[in-house]
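Welcome, and thanks for taking a look at this one. Here is a short briefing to read alongside the sequence and the coordinates.

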Amino acid sequence: MSSDSVYNFGDPLQPWRVPPEDIARQATAPLRGYIYQIHASAAAWLSLRPRDELYLEVAEDFTEILRNSGALDDILSATQAKDTRESGAVTLNSPDVLAAIESLFRLRVNNPGRVVRLVFLTTSPAGKERKDALPSGTAGLVAWGEAAKGGDVGELRAALLKRTLSEALKIFVRDSSDEQFRDELLRSVIFACGAPDWRELEASNRQTLIDMCDELQSTADMAHRAYDAVICAVIACALGPGPRRLNRDNLKSCLERATSIAVPSRIAVSFLSQPSRTKGALSGDDLRVLAESLIEAGMPPSVDLLFPEAKREAREALMRVFAVEPRLTEMVADGA
């Protein structure tokens, strides 16, 4: 049974009991895997450069088309994202590892002459093989990385030929030159083992948005909360019809909507039409008046995007107003 299994629930003194036959059907592990994939996809979206594209559930869990300025060829980088830490270490014997190698080989065959790579992203650490271990005693995935950097490929080539592979891949492993084997396979599959779990990944993604708050003209709090909109957009894209594509422009639009505030037009027009508002930069008192109006209307705590030219001190004064609960504001106004 998984360590996440729940056997009893409800009132501790008189709990409801889960039938033993149903405990195994608690699907926390698959859910954790899907959640991890979503956060990993979001991380890829946040890191896209202006001309790059991200495709969800097209080739692997997500695939990036990377366009380097000055380079003639695009790079296709496919990623398999797996939160499998609870399942233990991965090795050259792991079915998922062998499947990733096969997947890269198929992508190369179907895209001849183009730059293709695959990232095997997993929270599991790299382990050492018990069966068919490498003669040197080096863990297979460690040896993979060393050979990709220019080390000897003979031991790894022999190790792969002992594994269950497709006939086409076996022929390539057996007959390719050392340099071809290294360039077209070893350097094209990247094993990123021991990656952070979904909680750490989510925290990192939210921090990325906080770091972007000046670019977004947003408060740190609104930038932090904007990640919820990013996740929703990733899910909607992954479940939508083709081409299931995201890019930097999509991200910009998503974040602009998530960090903006819909102000009732009557409040905005009334406030901005007053003569004193047209003479220059808004003062702290001006923002306080608007803040109180927005509190009464139940609006979110930021108008940075309405007044991007306002001085920082004025915006900070606005945030201090919003830090007080509306009810407390009413009590002070009434003299309570």
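What follows is a brief tour, from the overall make-up to individual residues.

Please keep in mind that this is a predicted model. The protein has 15 helices and eight strands, and buried residues make up 40% of its 336 residues. Among the contacts with a separation of 6 or more, 62% are between residues 24 or more positions apart.

**Helices α2 and α10**

- A good place to begin is helix α2 (residues 28-46), whose axis comes within 10 Å of the axis of helix α10 (residues 220-239), with a crossing angle of roughly 105°.
- That angle falls between 65 and 115 degrees, so α2 and α10 are roughly perpendicular to each other.
- On the α2 side, the contact is made by Ile38, His39, Ser41, Ala42 and Trp45; α10 brings Tyr227, Val230, Ile231, Ala233, Val234 and Ile235.
- By residue class, the contact of α2 with α10 has nine nonpolar residues, two polar ones and no charged ones.

**His39, a member of that contact**

- His39 sits in helix α2, and its relative accessibility is 7%, so His39 counts as buried.
- Beyond its neighbours within four places in sequence, His39 touches Tyr227 and Ile231, both of which are α10 residues in the helix contact.
- His39 is also in contact with Trp198, Leu201, Glu202 and Asn205.

**Rings and a charge over a ring**

- The structure holds three aromatic pairs. In one of them, Trp144 and Phe191 meet edge-to-face, with 5.3 Å from centre to centre and 90° between the planes.
- Trp144 belongs to helix α4 (residues 140-148) and Phe191 to strand β7 (residues 189-192), so this pair ties together parts that are 47 residues apart in sequence.
- Both partners count as buried: Trp144 has a relative accessibility of 2%, and Phe191 has one of 15%.
- Ring pairs also bring in Phe120, which forms a cluster with Trp144 and Phe191.
- Elsewhere in your view, look for Arg157, which lies over the face of Phe181 at 4.7 Å from the ring centre.

**Backbone points worth a look**

- Most residues other than glycine have a negative phi, and most peptide bonds are trans. The next few items depart from that pattern.
- The peptide bond from Gly242 to Pro243 is cis, and its omega is near 10°. Pro243 is placed in the loop between α10 and β8 (245-247).
- Glu60 has a positive phi, near 70°. Its place is in the loop between β3 (53-56) and β4 (62-66), and at 22% relative accessibility Glu60 counts as partly exposed.
- Gln217 likewise has a positive phi, near 55°. This residue is in the loop between α9 (213-216) and α10, and with 39% relative accessibility Gln217 counts as partly exposed.

**Two residues with distant partners in sequence**

- Which residue has its C-alpha atom 7.7 Å from that of Glu53, although their positions lie 195 residues apart along the chain? The residue is Arg248, found in helix α11 (residues 248-259).
- Arg248 counts as partly exposed, at 22% relative accessibility.
- Leaving out neighbours within four places in sequence, the contacts of Arg248 include Trp45, which also takes part in the contact of α2 with α10.
- Other contacts of Arg248 are with Leu46, Leu48, Arg49, Pro50, Met212 and Glu215.
- Is Thr123 buried or exposed? Thr123 is buried, with a relative accessible area of 2%, and is found in the loop between β6 (115-122) and α4.
- Thr123 is 41 residues from Lys82 in sequence, and their C-alpha atoms are 6.6 Å apart in space.
- Apart from neighbours within four places in sequence, Thr123 is in contact with Lys82, Asp83, Thr84 and Arg85, with Gly194, Ala195, Pro196 and Asp197, and with Tyr36.

How values were computed
Residues numbered from 1 in each chain as written. Predicted model: local features only at pLDDT ≥ 70, side-chain atom pairs only at ≥ 80, totals over all residues. Heavy atoms only, no water. Axes fitted to C-alpha atoms, helices over the stretch in contact; angles between N-to-C directions. Helix = DSSP H or I, 4+ residues; strand = E, 2+ residues; numbered from the N terminus. Parallel < 35°, antiparallel > 145°, perpendicular 65-115°, else oblique. Contact = heavy atoms within 4.5 Å. Nonpolar A, V, L, I, M, F, W, Y, C, P; charged D, E, K, R; others polar. Buried < 20%, exposed > 50% of the residue type's maximum accessible area, 1.4 Å probe, protein only. Phe/Tyr/Trp six-rings, centres within 6.5 Å; stacked < 30°, edge-to-face > 60°. Lys NZ or Arg CZ within 6 Å of the ring centre and 35° of its normal.
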